[in-house]
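User: Please give a close account of one part of this model, and place it within the chain as a whole.

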Amino acid sequence: MGAAAGKRKPVSSLLPIWLLCLVCGSSAQPYIGVNYGEVADNLPPPEETARLLKSTAISKVRLYGVDAGLIRALAGSNISVVVGVANGDIPSLAADPAAASRWLAANVLPFVPATAISVVAVGNEVLESGDASLAAALLPAMQNLRAAAAAAGDGAAGVRFSTVNTMGVMAQSDPPSTGAFHPDIAPQLQGILGFLSKTGAPFMINPYPWFAYQSDPRPDTLAFCLFQPNAGRVDAGSKIKYTNMFDAQLDAVKSAMVRAGYGNVDILVAETGWPTRGDAGEPGASVENARAYVSNLVAHLRSGAGTPLMPGKPVETYLFALYDEDLKPGPTSERSFGLYHTDLSMAYDAGLASAAGAAGGAPAAGQPRASGGWCVARDGASDAELQADLDYACAQVGVDCGAIQPGGACFEPNTVRAHAAYAMNQLYQAAGRHPWNCDFRASATLTSDNPSYGACVYTGGGQ
């Protein structure tokens with residue numbers, strides 16, 4: 001919408017009335033998981049980590065190997081586990097079905113069904129490793145492990161087998177409709193996709209808007225990556241307007257899978273996150289941006305919107321990572337993706353605490369908690385800024401802008417400022433009423449004064 005105040009097109013002429021938001025509850029979500037990395041020397045005992053996880057909305061954990069202590073500590077919970085096969089084990093598992101049976105007997109069968117093991121990730125980023133012999137062994141290893149699981153009976157029968165890939169498998173991803181896999185890995189990938197399709201296992205991928213921003217560190221790119229108000233990017237091929245990088249990256253992968261003939265295979269996000277710290281050459285690494293990315297991603301997943309090419313279905317997503325890993329090599333950012341500190345306090349509040357509260361997972365000192373009140377337009381914000389905020393807020397699933405359509409209770413006064421205030425408050429309430437949900441690039445502010453008037457009621461306050 002781009003009309004001036006007093007001459008604006010009604011919201012209904014351009015945008016649907018979105019379903020009311022389902023995000024306000026904070027119980028465990030079946031599509032929100034977390035990665036548990038162990039390249040650290042200060043991790044809490046498994047029992048404490050399990051208690052922390054149970055206090056959150058996280059319902060899935062991905063391990064990079066097999067941590068027996070944590071797997072046992074999660075027994076009887078509603079938290080499922082992804083375990084990993086080390087890259088170095090792949091050749092023997094591919095060559096010898098008996099080796100696959102032994103691996104399963106040691107690393108899966110002792111824990112099921114007390115702990116739900118949902119997926120075995122066979123190797124990590126193998127296809128992008130440059131090791132042709134290892135890549136060639138990947139599919140046979142997956143096949144042997146699945147055959148061993150089938151032979152083992154009920155305990156392992158529901159376990160799926162896949163492998164984790166980076167966006168490096170993509171030869172083309174921008175715009176999303178042109179998504180295509182690298183031709184040099186096509187033979188191995190075609191076989192793997194066929195296996196996934198046949199067995200009902202997901203294609204596991206690591207989309208990182210953080211890395212996309214590193215390659216294009218402009219303010220509009222940052223807003224696009226953080227799910228913040230932005231002008232959007234139109235895919236010239238599909239004519240779809242994307243408002244965030246996460247959806248664009250996933251739809252590029254979806255397009256590539258369709259091109260390969262396997263559009264029926266589900267996508268699973270094995271890793272995604274944003275660092276709280278970085279080196280001088282790593283723009284955008286901050287607590288504020290990490291909180292914005294993860295909290296907005298969580299709200300996006302909870303909305304049930306899906307992506308433009310996969311609508312109405314949230315993608316199973318594993319956030320990176322539960323804790324910082326202080327022994328990881330590389331730049332500072334590599335050691336700074338943790339959602340929690342190892343003393344079990346929050347690195348920042350991403351809206352993941354359960355409704356019952358985080359036992360042992362209190363916010364770190366100085367971190368804001370969810371707050372009530374209302375979100376309204378800030379004095380001094382221009383009509384152009386507020387028009388962009390209005391368009392953005394009303395385009396989000398879970399935000400109902402029906403009241404500011406002609407005839408609606410809040411249509412009058414018919415000004416950009418009044419309509420933007422209503423829409424920004426709707427988004428703020430739907431996203432969980434955290435302070436950072438009422439920023440809109442500094443054009444909005446929180447207030448304790450109820451802005452409702454006449455028949456126009458603003459959601460909020462003590463709700």
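Analyst: Helices (DSSP H or I, at least four residues) and strands (E, at least two) are DSSP runs numbered from the N terminus; on that basis the protein chain holds 13 helices and 16 strands. The model is predicted, so local features need pLDDT of at least 70 and side-chain atom pairs count only at pLDDT 80 or more, whereas totals for chains, interfaces and linings use all residues. Residues are numbered from 1 along each chain as its sequence is written, and side-chain values use heavy atoms, without hydrogens and water.

The part chosen is helix α4, which spans residues 97-107. A99, A100, W103, L104 and N107 are its buried residues, buried meaning under 20% relative accessible area with a 1.4 Å probe, protein chains only. Seen down the axis of α4, these residues fall within an arc of 135 degrees, so they line one face of the helix; the arc is taken from the directions from the helix axis to the C-beta atoms. An α-helix has 3.6 residues a turn, so residues three or four places apart point the same way.

The buried residues of α4 pack against strands β3 (80-85), β4 (117-124) and β5 (160-166), and against helices α3 (90-95), α5 (132-152) and α6 (154-157); contact here means heavy atoms within 4.5 Å. At the N-terminal end of α4, D96 acts as a cap, with a side-chain oxygen 2.9 Å from the backbone nitrogen of A98; a polar contact is a donor-acceptor pair of N or O atoms within 3.5 Å.

As for the whole protein chain, 53% of its 463 residues count as buried. Among its contacts with a separation of 6 or more, 71% join residues 24 or more positions apart.

Terms used
Buried < 20%, exposed > 50% of the residue type's maximum accessible area, 1.4 Å probe, protein only.
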